[in-house]
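Morning, everyone. Please have a look at the chain on the screen, and then I'll walk you through it.

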Amino acid sequence: GNDFCWPDEKRQEQQLDMVKQWTERTALLGGKTMRIFAGSVKKGDSEEKASERALGLIQKACDFAARHKVTLAIENHGGITSTAEQLLA
């Protein structure tokens, strides 16, 4: 499971790279949908900042997945997608 809420840019890139690798594997196997996670707020961070980072990385992941004809589905439990309000935001 990935986590797009890390404040550290190196960790963000590692998480995005992992999602890209699994997207390629999903496409290779003929999969059409792959589950991803937004992540969870880290100690000392805010949900607003974590959500902004996650949204940006999710967009990059979606752009990459679209080129492979894979739909990314966000997991809706835990972290910043624990509630319907969080998920919609």
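Let me start with a question. Which residues does Ile36 touch, not counting residues up to four places away in sequence? Here is the list: Asn2, Phe4, Val19, Ile58, Leu72, Ala73, Ile74 and Glu75. Keep Ile36 in mind. We will come back to some of these names.

One caution before we go on. This is a predicted model.

Now the overall layout. The chain has 3 helices and 2 strands. Read from the N terminus, the order is α-β-α-β-α. How compact is the chain? Its radius of gyration is 13 Å, and the globule rule gives 12 Å for 89 residues. Those values are close, so the chain is as compact as a globular protein of that length. Along the principal axes, the C-alpha atoms fill a box of roughly 40 × 30 × 20 Å.

Next, contacts and surface. Take the contacts with a separation of 6 or more: 69% of them join residues 24 or more positions apart. Of the 89 residues, 33% are buried. The exposed area is about 5800 Å², and carbon and sulfur atoms supply 52% of that.

On to the core. In soluble globular proteins, nonpolar side chains tend to be buried together. Here, the largest nonpolar core has 16 residues. Ile36 is back: along with Phe4 and Leu72, Ile36 has the most contacts inside this core. Both of those partners were also on the list of residues that Ile36 touches. Which elements give two or more residues to the core? They are helix H1, residues 9-28, strand E1, residues 33-36, and helix H2, residues 47-67. H2 gives the largest share, with 6 residues.

Now the charged pairs. How many salt bridges does a search of the whole structure find? The count is 3.

Take Lys42 and Asp3. Their side chains meet at 2.4 Å, N to O. Lys42 sits in the loop between E1 and H2, while Asp3 is in the segment before H1. The pair therefore ties together parts that are 39 residues apart in sequence. Are these two buried or exposed? Lys42 is buried, at 14% relative accessibility. Asp3 is buried as well, also at 14%.

Then there is Glu75 with Arg35. Their closest N and O atoms are 3.1 Å apart. Glu75 is in the loop between strand E2, residues 71-74, and helix H3, residues 84-88. Arg35 lies in strand E1, so this bridge ties together parts 40 residues apart in sequence. The two ends contrast. Glu75 is buried at 12%, whereas Arg35 is exposed at 52%. And Glu75 is one of the residues that Ile36 touches.

That leaves Asp45 and Arg53. Their side chains meet at 2.0 Å, N to O. Arg53 is buried, with a relative accessible area of 18%.

Last topic: the cysteines. How many disulfides does the structure hold? It holds 0. Why is Cys5 in no disulfide? The nearest cysteine sulfur, that of Cys62, is 15 Å away, and a disulfide needs the sulfurs within 2.5 Å. Cys62 is in no disulfide either, with the sulfur of Cys5 as its nearest. Cys5 is buried, at 0% relative accessibility. Cys62 is partly exposed, at 31%.

That's my tour. Over to you.

Technical notes: Residues numbered from 1 in each chain as written. Predicted model: local features only at pLDDT ≥ 70, side-chain atom pairs only at ≥ 80, totals over all residues. Heavy atoms only, no water. Buried < 20%, exposed > 50% of the residue type's maximum accessible area, 1.4 Å probe, protein only. Core = buried A, V, L, I, M, F, W, Y, C linked by side-chain atoms within 4.5 Å. Helix = DSSP H or I, 4+ residues; strand = E, 2+ residues; numbered from the N terminus. Contact = heavy atoms within 4.5 Å. Rg over C-alpha atoms; globule rule 2.2 N^0.38 Å. Areas by Shrake-Rupley, 256 points an atom, 1.4 Å probe, with all protein chains shown as cover. Salt bridge = Lys/Arg side-chain N within 4 Å of Asp/Glu carboxyl O.
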